[in-house]
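Reader: I have a structure open on my screen and I'm not sure how to read it. Could you walk me through it?

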Amino acid sequence: MSPASPNLTPSGGKDERSGFSRGSDLAAQIVSYLIAGPLTFGAIGWGLDALLSTHFLRPIGIIVGVALSMYVIWLRYGRP
Amino acid sequence: MSLSAALTSGAVVTADEFTGPSPADFYQPMWDFGWIEITRPMLVLVLVTILACWIMLAGSRNASVVPSKGQFYFEQIYDFVRGGIARDMIGPNYKKYLPLIFGLFLFVLLSNLMASTPFVQNPPSARIAVPIAATAVVYIAYHYVGFKKHGFLGYFKFMVPAGLAPAMVPVIFLLEAATFFLIRPLTLALRLFGNMFAGHMLILVFVLGGEFLLFHDNWLFKLFSVGAFGMGFLMQIFEILIQALQAYVFALLAASYIGTAEADEH
């Protein structure tokens, strides 16, 4: 499995960016993912709740979203 | 002019009661033509644009091997954006995007610095419309690069990281698409807006509070106003750091998004 991280190495080689640039970039990207997960799947849960007139799908969606966010972050940045 | 305008427009200072600054203080109409109102941030934006054009023209005109003082400083900033932001984030093809990144950096930097410029003291970037407009430029740019590089369907395929179980692909795709199309521009605009708005508000609180204390009947209050003004001054210095940092982060992320879209398929 090759490290699938286009965000980490846009030049396709070894990451030679300075620590601060890289850190700021990584932090911003990870925050984006952490917001995107709960928001997207929370919205889906909310929509399904409205459709099926239930109440439990939105919290489940939010929790699933957080888990998926962390999974993607691990997938993109966490592997050696 | 700026301080008195801020004082009269929003914060009402009465004998005993202090009303802090509010977002309404940022709305400062200057001329009303009926169909359009020219506000202070609009005027400051024109100033920023003229200043940015002048800096770029003056810095690059008569460019020589042995630079003049102005050219030297200009090249320092340009080098920083070129090496520290564009090349680092985009990779070998960075030159195409350098004018955009540099223009954005200079525009955001000047807009932010207007918060601490005497007699102006009003950052246009603390009005949500300005970060949104700057982000819209970045948004169009990086999606254009992505679609052009990978093709229409290829760009969507490119968003999903490799090494996923097939069952996970649609779920992760949803998440990635939300990140690419919604959350990235949202955070980019809100980060700049929030930082500039909060910073300006903080200074207003200290300066308006100091002013309230100074004009209070109680002499002890007058004494404390020194501390409030002192903090206002300190915050002003601190804000200059934040202003430069936010311009850097904005340009950095713009370059990073373009770099991601430009990256080779995995």
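Author: Let's go through the chains, the cores, a long helix, a loop and the contact, one by one. Keep in mind that this is a predicted model.

Reader: Okay, where do I begin? What is the secondary structure of chain A?

Author: Begin by listing helices and strands. Chain A comes to two helices and zero strands. Chain B has eight helices and two strands, and from the N terminus on its elements run α-β-β-α-α-α-α-α-α-α. The C-alpha atoms of chain B fill a box of roughly 75 × 55 × 40 Å along the principal axes.

Reader: And how do I read burial? What percentage of the residues in chain B are buried?

Author: Burial is about how many neighbours surround a residue. In chain B, 36% of the 266 residues are buried. For chain A, 28% of its 80 residues count as buried.

Reader: What about contacts between residues far apart in the sequence? What share do they have in chain B?

Author: Here you look at contacts with a separation of 6 or more and ask what share joins residues 24 or more positions apart. That share is 64% in chain B and 53% in chain A.

Reader: Next, the nonpolar cores. Which residues have the most contacts inside the largest one?

Author: A core is a set of buried nonpolar residues joined to one another. The largest one has 45 residues, and those with the most contacts inside it are Ile101(B), Val108(B), Phe250(B), Ala251(B), Ala254(B) and Ala255(B). Helices H2, H3, H4, H5, H7 and H8 of chain B each supply at least two residues of this core. H8(B) has the largest share, with twelve residues. Apart from this core lies another, of nine residues, among them Tyr33(A), Leu175(B), Ala178(B) and Ile183(B).

Reader: Can we zoom in on one of them? Which residues does Val108(B) touch?

Author: Leaving out residues up to four places away in sequence, Val108(B) touches Ser125(B), Ala134(B), Leu192(B), Ala247(B), Phe250(B) and Ala251(B).

Reader: Now helices. How do I check the length of helix H7 of chain B?

Author: Compare an expected span with the distance between the ends. Helix H7 of chain B covers residues 169-214, and at 1.5 Å a residue its 46 residues should span 68 Å. Its end C-alpha atoms are 64 Å apart, which agrees.

Reader: Where does H7(B) bend?

Author: Look at Thr179(B), where H7(B) bends by about 45°.

Reader: I've heard that phi can be positive. Which phi value does Phe119(B) have?

Author: For this one, check the backbone angle and the kind of residue together. Phi of Phe119(B) is near 75°, a positive value in a residue other than glycine. Gln121(B) is another such case, with phi near 45°. Phe119(B) is found in the loop between helix H4 (98-113) and helix H5 (129-150) of chain B, and Gln121(B) lies in the loop between H4 and H5 too.

Reader: Are those two buried or exposed, and why?

Author: Count the C-beta atoms around each one. Phe119(B) is exposed because 8 other C-beta atoms lie within 10 Å, and exposed means 12 or fewer. Gln121(B) is buried because it has 21 of them within 10 Å, and the cut-off for buried is 20 or more.

Reader: Last one: how many residues does each chain bring to the contact?

Author: For an interface, count the residues on each side, then see where they come from. Chain A brings 27 residues and chain B brings 28 residues. On the side of chain A, H1(A) gives the most, with twelve residues. By class, that side has 13 nonpolar, eleven polar and three charged residues.

Terms used
Residues are numbered from 1 along each chain as its sequence is written. Chains are lettered from A and ligands numbered from 1 in the order in which they are written. This is a predicted model: local features need pLDDT of at least 70, side-chain atom pairs count only at pLDDT 80 or more; totals for chains, interfaces and linings use all residues. Two residues are in contact if their C-beta atoms, placed from the backbone, lie within 7 Å. Helices (H or I, at least four residues) and strands (E, at least two) are DSSP runs, numbered from the N terminus. Ala, Val, Leu, Ile, Met, Phe, Trp, Tyr, Cys and Pro count as nonpolar, Asp, Glu, Lys and Arg as charged, and the others, Gly among them, as polar. The expected span of a helix is 1.5 Å times one less than its number of residues. The bend at a residue is the angle between axes fitted to the seven residues ending there and the seven starting there. A nonpolar core is a set of buried Ala, Val, Leu, Ile, Met, Phe, Trp, Tyr and Cys residues joined through C-beta atoms within 7 Å.
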